[in-house]
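Reader: I would like a close look at one part of this protein. Please take a single helix and show me how it sits in the rest.

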Amino acid sequence: MSRPVIAVLNGPNLNLLGERQPEVYGSETLADLERRCVAHADGLGCDVDFRQSNHEGDLVSMIQELRRSAGVVINAGAYTHTSIAIRDALALVQGPIIEVHISNVHAREGFRQHSYLSDVATGVIVGCGTLGYELALSAIASKLDGGVG
Ligand code: DQA
């Protein structure tokens with residue numbers, strides 16, 4: 001039987017993870033993060049489709065393409081705070097959606113404290129560093145198993 005595939009989508013500037021404000025986002029690169037997500041998902045019996053784009057429309061197209069995946073983990077970066085188009089695309093997703101932010105957006109500038117995505121997401125994980133991606137994968141896997149919460 002084929003394993004469930006969880007989409008992990010990353011928005012603008014996350015391609016420069018490791019180089020970009022390491023005091024905020026840490027020193028791990030996006031490639032390191034992808035390897036960790038793949039390994040963590042493997043332990044949960046799932047595969048990962050890990051992607052990044054700096055372009056809003058590309059992210060919309062990715063979400064449309066992956067809308068029937070087992071679940072979606074999304075860190076939309078700054079588009080979180082601006083994009084009704086990404087929100088509308090997420091509303092098409094059939095499985096659970098976990099919104100992730102590496103930093104604690106609530107402890108930062110005021111404009112980061114509103115998300116267009118949170119109320120269409122199943123859950124939100126902020127401020128846990130890149131561990132948040134693993135927590136999000138676990139949350140989706142637990143829902144696939146018919147788990148509570
Ligand atoms: C971010 C927080 C956003 O406000 C910011 O624009 C990002 C990264 C985070 O992971 O903490 O690009 O989503």
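Author: What follows goes from the whole chain to its last helix, then to a loop residue that touches it.

This is a predicted model. The protein has five helices and five strands. From the N terminus, the elements run β-α-α-β-α-β-α-β-β-α. The radius of gyration is 14 Å, which agrees with the value near 15 Å for a compact globule of 149 residues. Buried residues make up 44% of the chain. Take the contacts between residues at least 6 apart in sequence: 75% of them join residues at least 24 apart.

Now the helix. α5 covers residues 131-144, 14 residues in total. Its first and last C-alpha atoms lie 20 Å apart, close to the 20 Å expected. Which residues of α5 are buried? They are Gly132, Tyr133, Glu134, Ala136, Leu137, Ile140 and Ala141. An α-helix has 3.6 residues a turn, so residues three or four places apart point the same way. The cover over the buried residues of α5 includes five strands: β1 (5-10), β2 (47-52), β3 (71-75), β4 (97-101) and β5 (123-126). Helix α2 (30-43) is also part of that cover.

Next, the loop between β4 and β5. Thr122 sits there. Beyond its neighbours within four places in sequence, Thr122 contacts Pro96, Ile97, Ile98 and Lys143. Of these, Lys143 falls within the 131-144 range of α5. Is Thr122 buried or exposed? Thr122 counts as partly exposed, because its relative accessibility is 46%. His55 is 67 residues from Thr122 along the chain, and their C-alpha atoms are 24 Å apart.

Technical notes
Residues are numbered from 1 along each chain as its sequence is written. This is a predicted model: local features need pLDDT of at least 70, side-chain atom pairs count only at pLDDT 80 or more; totals for chains, interfaces and linings use all residues. Side-chain values use heavy atoms; hydrogens and water are left out. Helices (H or I, at least four residues) and strands (E, at least two) are DSSP runs, numbered from the N terminus. The expected span of a helix is 1.5 Å times one less than its number of residues. Buried means under 20% relative accessible area, exposed over 50%, partly exposed in between (1.4 Å probe, protein chains only). Contact means heavy atoms within 4.5 Å. The radius of gyration is taken over C-alpha atoms; the globule rule is 2.2 Å times the number of residues to the power 0.38.
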